[in-house]
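Colleague: Before we discuss this protein, please place the sequence and the structure before us. I should then like to ask how certain terms are justified.

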Amino acid sequence: MSESTPPVLDPARFVRFGVLFYGAMALVAVLWRVGLYDEPIWLAASAPSGVAWWAQAGLGLGVAAAVVLVSCGLSELTGWGRRLARAMAEPLRGLGVPDALLLAAASGLAEEMFFRGALQPRVGLVVASALFGVLHFAPRRELLPWTVFAVVMGFVLGWLFAWTGSLLAPVIAHTVINAVNLPLLVRRYGDASAGG
């Protein structure tokens, strides 16, 4: 195995670690926001009134659809997008759809609870979005666009939280984006022998 090719993961171990990591992240968010500040984790401190849950869910789905279309387009139409997709898919080879969906749900819920529900009310949208990007940093040149994308998505998801006053729209958007993109990455680019 060459130095540039990451090892193929053990799906069961990877999923177990992911669920534990995201469970710990969600627990920290709840302890921080609810335990320290006695505020509800699901709502913004000054939640606007009048935004119905169905409108929030629709907004989350709409944002997810737009982001999935843009990310698929970039991975098909640009060289850097194809390199990024291949680099992200390489270590995920062997990850099945059920495991990808479990990780999508765990990451979408826990990251939104932590970054939007607990962190954003304390440090603001800009700092929370930058830290969200830092969490998604990987020290490989072809993965740098992922970090930039994460910062942009931090702003989008943070805006959803601020505008709706609830985590519903950002959780739905984040979860659906991951639930669509993870299996797509593995299916289209996870085969190390695939040239395209």
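**Reasoning from values to terms**

Modeller: In this predicted model, helices α6 and α7 are roughly antiparallel to each other.

Colleague: Why are α6 and α7 called roughly antiparallel?

Modeller: The axes of α6 (residues 144-164) and α7 (residues 168-189) cross at roughly 150°. Angles over 145 degrees count as roughly antiparallel, and the pair is therefore given that term. The two axes come within 8 Å.

Colleague: Which residues make the contact between α6 and α7?

Modeller: From α6 they are M153, L157, L160, F161 and T164; from α7 they are A169, P170, A173, H174 and I177. A contact here requires heavy atoms within 4.5 Å.

Colleague: What makes up this contact by residue class?

Modeller: Eight of its residues are nonpolar, two are polar and none is charged. Leu, Met and Phe are among the types that count as nonpolar.

Colleague: How do you know which residues line the largest pocket?

Modeller: A lining residue must have an atom within 4 Å of a point of the pocket. There are 49 such residues, and M88, H136, W146, L182 and L185 are the closest to the centre. The pocket holds about 1,400 Å³ of space.

Colleague: Which helix gives the largest share of that lining, and what classes of residue does the lining contain?

Modeller: Helix α7 gives the largest share, with nine residues. The whole lining has 37 nonpolar, nine polar and three charged residues.

Colleague: Where does α4 bend?

Modeller: Helix α4 (97-123) bends by about 30° at M113. Just after α4, G124 takes a positive phi of about 95°.

Terms used:
Residues numbered from 1 in each chain as written. Predicted model: local features only at pLDDT ≥ 70, side-chain atom pairs only at ≥ 80, totals over all residues. Heavy atoms only, no water. Axes fitted to C-alpha atoms, helices over the stretch in contact; angles between N-to-C directions. Helix = DSSP H or I, 4+ residues; strand = E, 2+ residues; numbered from the N terminus. Parallel < 35°, antiparallel > 145°, perpendicular 65-115°, else oblique. 1 Å grid on protein atoms, 1.4 Å probe; cavity = no way out; pocket = protein on both sides within 12 Å on 5 of 7 lines; lining within 4 Å. Points joined across faces, edges and corners; volume = space filled by probe spheres on them. Bend = angle between axes of the 7 residues up to and from the residue.
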